[in-house]
Amino acid sequence: MHWSDFDIWKFLAGLGIFMYGMFLLEEAIKQLSGRTFKILIRKSTTGKIRSIFTGLFSTAVLQSSSAVTLMTLTFVGAGLISMQNAIGVVMGTNLGTTATSWLVATIGFKINIEGLFLPLIGLGGLGLIFLSKSPRYNGISRLLVGLGFLFMGLEYMKLSVEGFTSSFDLASIPHYGTFFYVLIAIVMTSVMQSSSATIAIILTALHTGLITFSEGAAMVIGANIGTTTTVMLGALGGIPIKKQVALSHLIFNIFTGIVAFLSLPLLTKLIGLVMNGDNNAVLGVTLFHTLFNLLGVLLFLPFIGLLVKLLQKAYPERKYKTTEFIANASPDLPEAAVVAVRNETLQVYRLTLHLISVLFHLEKPEKKGQFFSSFLLSSKKQTNPIEVFEDIQSRVNVILIFSSKIHVSDLDNIEQKDLTNSNHMILTLSQVSKTIVSIRSELEEIQASENEKVQDLMQLISKTTVEHLVMLQNNSATLIEKHSMEIYQNQIKQEYKVIVENITEAIEQRLIQEKYISSLLMVNGFATQTIRQLFRILEKQG
C-alpha cells in the first residue's frame with residue numbers, strides 16, 4: 001500500500017466538480033420550474049402524508065433538500081403550512097436525497113462515464129453561449145452542464161483512488177468498529193455541507209473496494225445525520241419557528257440514524273437476500289439508504305404531534321409586538337409574502353376594531369357568541385387607546401416597507417390584485433385609526449358627563465357603533481357585494497341623521513349643555529365616517 005498512489009489533487013478536483021455540478025443542477029431546475037415548485041409545496045402540504053410525498057418529490061427533482069427546506073420555512077412563517085406538515089416535508093426530503101444515490105449507483109458506475117459527461121458538457125456549454133437569450137433554453141443548457149459536471153467529478157474521484165485501492169489491504173488497518181465510520185461520515189458531511197458529495201465519495205470507495213458493505217452502510221447513516229448541520233447553522237440566530245424546524249430535522253435524523261444502526265444486521269441480511277453480496281455493494285448500500293429512511297418515516301409519523309408540542313416548549317414563539325406573519329416571511333418568495341401581507345393586514349383591521357371598542361368603552365353583551373372575540377372587544381377600561389393606536393401605526397409602517405420589497409413581476413394577476421388590495425386596505429386603516437383616535441378628548445368629556453340626556457345620546461351612538469362593528473367583525477374574512485354595500489351605506493346615513501335629529505331636539509329643549517353639543521356632533525360624525533370607511537374596505541373590487 002503506497003499513499004503516493006492516491007492522487008489527492010485529482011480527488012479534490014473531482015469532488016469540487018461534482019459539487020459544482022450539483023449546484024448548477026439545482027439552479028437550472030429552479031430556473032426552469034422554480035415557481036411551479038413553490039406552488040406545489042404551498043398547495044400540496046395539506047396533510048402529513050401529502051407533505052412527506054411533497055418533500056420527497058421536490059427534493060428528488062431539485063436535488064437539494066436545503067432549497068426545499070428553505071421554501072418550507074418561509075411558507076410556515078407566512079402561515080401557509082402548519083408546523084406538523086412542515087415536519088412532514090422535512091421527513092420527505094430525507095427520502096428525496098436518496099435519489100442522488102440511485103443516480104450515481106445505477107448510472108455512474110454502470111456505463112462509460114466519459115462517453116456520457118463529454119456530450120452533456122459540450123451541448124450544454126454551446127447552449128449557454130448561443131441560446132443564452134432564451135430563459136428556457138438557458139435553463140436546459142445549465143441542466144445539461146450540471147449533469148455533465150456531476151458525472152465528470154464522479155469519474156475523477158473514482159480514478160484518483162483506483163491506483164491506491166489496487167495495492168490497498170483492508171486487513172492492514174485496525175478495525176475501529178462500525179460506529180467509527182458513522183462518525184467519519186458525520187464529520188465529512190458537516191465540513192463539506194453536502195450529504196450528496198459525501199454519499200458520492202462513499203459509493204466511489206465501495207466501487208473500488210476501499211471499504212466494505214457494512215462500513216459503507218455505516219457511513220451513509222453518518223451522512224444522513226451530518227446533513228442536519230447545514231439546517232442548524234441556517235437557523236442560528238433565526239426566529240423560533242426556524243429553530244423548531246431545524247431541531248425537528250436533527251431529532252428525526254438522529255432517530256432514523258439510531259434505528260438504522262440498530263437494524264443494520266437485519267437490513268444487511270435482507271439486502272443480501274435480494275442482491276448478490278459484494279458484487280452489488282454499491283446498489284446494496286443505496287437500497288439500505290432508502291430502506292432505513294423509509295423505516296424512520298414510518299416509525300416517526302405517529303409522533304409528529306407530540307414532537308410539535310415539545311419543539312414549541314423548547315423554542316416558544318415570541319409574541320412580536322410589531323408583526324406576527326411578516327416576521328416569519330421573506331419577500332424573496334413572493335407568493336408566500338403576499339399571503340403574509342394579507343394576514344398581517346387583517347390583524348391591523350381587527351386591531352382597528354379593537355381601538356374603536358376601547359375608545360367607546362363598549363361592554364360585552366350578556367349572550368355569549370353574539371359579539372366580538374376577546375381580542376377585538378375588551379371591557380377592560382384600563383387599556384390605553386394610544387398604545388393600541390401606536391401598535392397599529394407601527395404595523396402599518398412595517399407592512400408597507402415589506403410590501404415594497406416584494407417582486408411584483410413574479411406574481412400572477414390574482415396575486416398582484418391581492419397585494420394591491422392589501423396595500424389599499426392598510427393605508428385606509430392607518431387613516432381610520434388616526435381619525436378615530438383624534439376624538440379621544442371629546443369622548444372622555446362626554447363619558448365623564450353626569451347629564452342624563454348626554455349619556456342617553458352617547459348610548460345611542462355607541463349602540464349603532466356596536467351593531468356595525470359586529471357586522472364588520474363577522475365579514476372580516478369575506479368581501480361584501482356592491483348591492484349589499486349600498487344597503488349598508490344607506491343604513492349608516494340614515495342612522496347618522498336620526499342621531500343628529502335627536503341631538504338637535506335635545507338642544508331645542510335645552511336638555512344638554514352647550515359644551516357637549518359640538519362634542520356629540522363631532523363624535524357622531526367621526527364614528528359614522530369611520531364605519532363607512534371600514535365597510536368600503538370590505539367592498540368587492542370589480
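Good morning. A residue is called buried when its relative accessible area is under 20%, exposed when that area is over 50%, and partly exposed in between. The model before us is a predicted one, and this presentation will apply those terms to it, beginning with a charged residue in a helix.

That residue is D391. Its relative accessible area is 13%, so D391 counts as buried. R395 is buried as well, because its relative accessible area is 4%. The two residues form a salt bridge, and their closest N and O atoms are 3.2 Å apart. How far apart do R395 and D391 stand in helix α17? They are four residues apart, which means that about one helical turn separates them. Side chains of opposite charge can pair when their charged atoms come close.

The structure holds two salt bridges. In the other pairing to be described, R395 forms a salt bridge with E344, and here the closest N and O atoms are 3.4 Å apart. This pair links distant parts of the chain: R395 belongs to helix α17, residues 385-404, while E344 belongs to helix α16, residues 334-360, and their positions lie 51 residues apart in the numbering. Both R395 and E344 are buried. Through shared partners, the salt bridges join E344, D391 and R395 into one network.

Let us turn to empty space inside the model. Rolling a probe the size of a water molecule over the atoms shows where empty space is left. How many cavities of 30 Å³ or more are counted? The count comes to three. The largest cavity holds about 90 Å³ of space. Which helices each supply at least two residues of its lining? They are α20, residues 452-474, together with α21 and α22. The lining includes I461, T464, T465 and H468, and also I492, E495, Y496 and I499. N524, A527, T528 and I531 line the largest cavity too. By character, the lining residues divide into six nonpolar, five polar and one charged.

Two of the helices just named, α21 (482-508) and α22 (514-537), are joined by a loop in which R510 is found. The phi angle of R510 is near 55°, a positive value in a residue other than glycine. Is R510 buried or exposed? Its relative accessible area is 75%, and R510 is therefore exposed.

The surface also carries a nonpolar patch. L126, I129, F130, L131, Y137 and I140 make this patch, and its area is about 630 Å². The elements that give two or more residues to the patch are α6, residues 113-130, and α7, residues 135-166. Which of the elements gives the most to the nonpolar patch? The answer is α6, with three residues. One of the patch residues, I129, lies in helix α6. I129 counts as exposed because its relative accessibility is 58%.

Helix α7 has a buried residue to show as well. G139 lies in α7, and at 0% relative accessibility G139 counts as buried. The C-alpha atoms of G139 and A28 are 4.9 Å apart in space, although the two residues are 111 residues apart in sequence.

A similar description applies to S58, which is found in helix α2, residues 48-62. With 0% relative accessibility, S58 counts as buried. S58 and G92 are 34 residues apart along the chain, and 8.8 Å separates their C-alpha atoms.

I shall close with two loop residues. V408 has its place in the loop between α17 and α18, the latter covering residues 413-437. A relative accessible area of 38% makes V408 partly exposed. From V408 to E335 the C-alpha distance is 9.6 Å, and the two are 73 residues apart in sequence.

T212 sits in the loop between α9 (195-207) and α10 (213-226). T212 is partly exposed, with a relative accessible area of 32%. Its C-alpha atom lies 9.9 Å from that of V282, and T212 and V282 are 70 residues apart in sequence.

To return to the opening, D391 is buried, and salt bridges with shared partners join it to R395 and E344 in one network. Thank you for your attention.

Notes
Residues are numbered from 1 along each chain as its sequence is written. This is a predicted model: local features need pLDDT of at least 70, side-chain atom pairs count only at pLDDT 80 or more; totals for chains, interfaces and linings use all residues. Side-chain values use heavy atoms; hydrogens and water are left out. Patches are made of residues with over 30% relative accessible area and no salt bridge: like charges are joined within 9 Å, nonpolar side chains (Val, Leu, Ile, Met, Phe, Trp, Tyr) within 5 Å. Accessible areas come from the Shrake-Rupley method with a 1.4 Å probe; for residues, only the protein chains shown count as cover. A salt bridge is a side-chain nitrogen of Lys or Arg within 4 Å of a carboxyl oxygen of Asp or Glu. Buried means under 20% relative accessible area, exposed over 50%, partly exposed in between (1.4 Å probe, protein chains only). On a 1 Å grid over the protein atoms alone, a cavity is a set of points where a 1.4 Å probe fits but cannot get out, and a pocket is an open set with protein on both sides within 12 Å along at least five of seven lines; lining residues have an atom within 4 Å of a point. Grid points are joined across faces, edges and corners, and a volume is the space filled by probe spheres set on the points. Ala, Val, Leu, Ile, Met, Phe, Trp, Tyr, Cys and Pro count as nonpolar, Asp, Glu, Lys and Arg as charged, and the others, Gly among them, as polar.
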